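Q: Got a minute to go over a model with me? I'd like to talk about empty space first, then cysteines.

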Amino acid sequence: MNSFRHDCNERCKSNVLKLRMKYGAAGYGVYMMLLERLAMEPKLCHDMDYDALAYEFQVSADLIRHVVEDFDLFIIDLDTETFSHEELTAQFATKARRAREEKALDEFIERRLESEQWVNNIATMYKTVPERIKALTQSAFRDRVLSTYTFLPSPSALGHILGNLIRETFKPDDE
């Protein structure tokens with residue numbers, strides 16, 4: 001995961017506030033660095049190797065242990081001796097779903113544009129060139145779907161959305 005979101009009031013959440021009361025900004029900094037480190041891990045969890053993290057963060061292993069274990073900020077799995085973060089894990093699932101949906105949308109667009117007959121028929125109907133139909137489909141249509149829908153519509157709904165966008169953009173011969 002290249003990035004993750006956190007609430008702009010993360011520092012005010014009760015457990016984080018307790019961390020800050022005990023360790024100040026340094027404790028909060030370690031907490032955020034731990035979140036960043038977890039986000040870099042493929043499984044979004046990290047070994048409870050506090051010495052290695054202490055070396056990486058240039059703080060004491062004791063401080064890292066306290067941040068991980070004492071404030072109920074992380075999920076600790078004693079069987080695997082790893083820790084993770086619930087909100088980060090949930091966010092990754094959402095990002096993974098969205099990536100799958102974007103790929104499915106790109107495949108829909110590719111299949112649609114592979115049909116030269118469809119592209120040429122639409123271009124003829126709207127008195128434009130096939131390149132404009134392709135460009136509209138690859139950019140404005142893709143952008144509209146991704147910015148409007150939380151979940152990817154069905155292929156038939158995508159067809160209707162694309163048709164509506166084409167009608168909005170180009171006026172047909174008979175109008």
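A: Sure, here is a quick chat about the cavity, the pockets and the cysteines of this predicted model.

Q: How many cavities of 30 Å³ or more turn up in a search of the whole structure?
A: The search finds one. Its volume is about 30 Å³.

Q: Which residues line that largest cavity?
A: The lining is made of Arg-98, Glu-101, Glu-102, Val-145, Leu-146, Tyr-149, Phe-151 and Leu-152. Two elements, α4 (86-114) and α6 (130-148), each give two or more residues to it.

Q: And which element gives the largest share?
A: That's α4, with three residues.

Q: How does the cavity lining split by class?
A: Five residues are nonpolar and three are charged, with no polar ones.

Q: OK, on to pockets. How much space is in the largest pocket?
A: About 240 Å³.

Q: What lines the largest pocket?
A: Arg-5, Gln-91, Thr-94, Lys-95, Arg-97, Arg-98, Ala-99, Glu-102 and Thr-150. Arg-98 and Glu-102 came up before, in the lining of the largest cavity.

Q: What's the class breakdown for the largest pocket?
A: Five charged residues, three polar and one nonpolar.

Q: What about the second largest pocket, how much space lies there?
A: About 190 Å³. Its lining consists of Glu-10, Lys-13, Asn-15, Val-16, Tyr-31, Asp-72, Leu-73, Phe-74, Ile-75, His-85, Glu-86 and Glu-87.

Q: Which elements give two or more residues to the lining of the second largest pocket?
A: Those are α1 (14-40) and α4. The largest share, three residues, comes from α1.

Q: And the classes there, for the second largest pocket?
A: Five nonpolar, five charged and two polar.

Q: Switching topic: how many disulfides does a search of the whole structure find?
A: Zero.

Q: Why is Cys-12 not bonded to Cys-8?
A: Because their sulfurs are 8.8 Å apart, which is too far for a bond. Cys-8 holds the closest cysteine sulfur to the one in Cys-12. For a disulfide, the two sulfur atoms have to be within 2.5 Å.

Q: Is Cys-12 buried, exposed or partly exposed, and why?
A: Cys-12 counts as partly exposed, because its relative accessibility is 46%. The partly exposed class sits between the buried cut-off, under 20%, and the exposed one, over 50%.

Q: Where does Cys-45 fall, by relative accessibility?
A: Cys-45 is at 26%, so it counts as partly exposed.

Methods
Residues numbered from 1 in each chain as written. Predicted model: local features only at pLDDT ≥ 70, side-chain atom pairs only at ≥ 80, totals over all residues. Heavy atoms only, no water. 1 Å grid on protein atoms, 1.4 Å probe; cavity = no way out; pocket = protein on both sides within 12 Å on 5 of 7 lines; lining within 4 Å. Points joined across faces, edges and corners; volume = space filled by probe spheres on them. Helix = DSSP H or I, 4+ residues; strand = E, 2+ residues; numbered from the N terminus. Nonpolar A, V, L, I, M, F, W, Y, C, P; charged D, E, K, R; others polar. Buried < 20%, exposed > 50% of the residue type's maximum accessible area, 1.4 Å probe, protein only.
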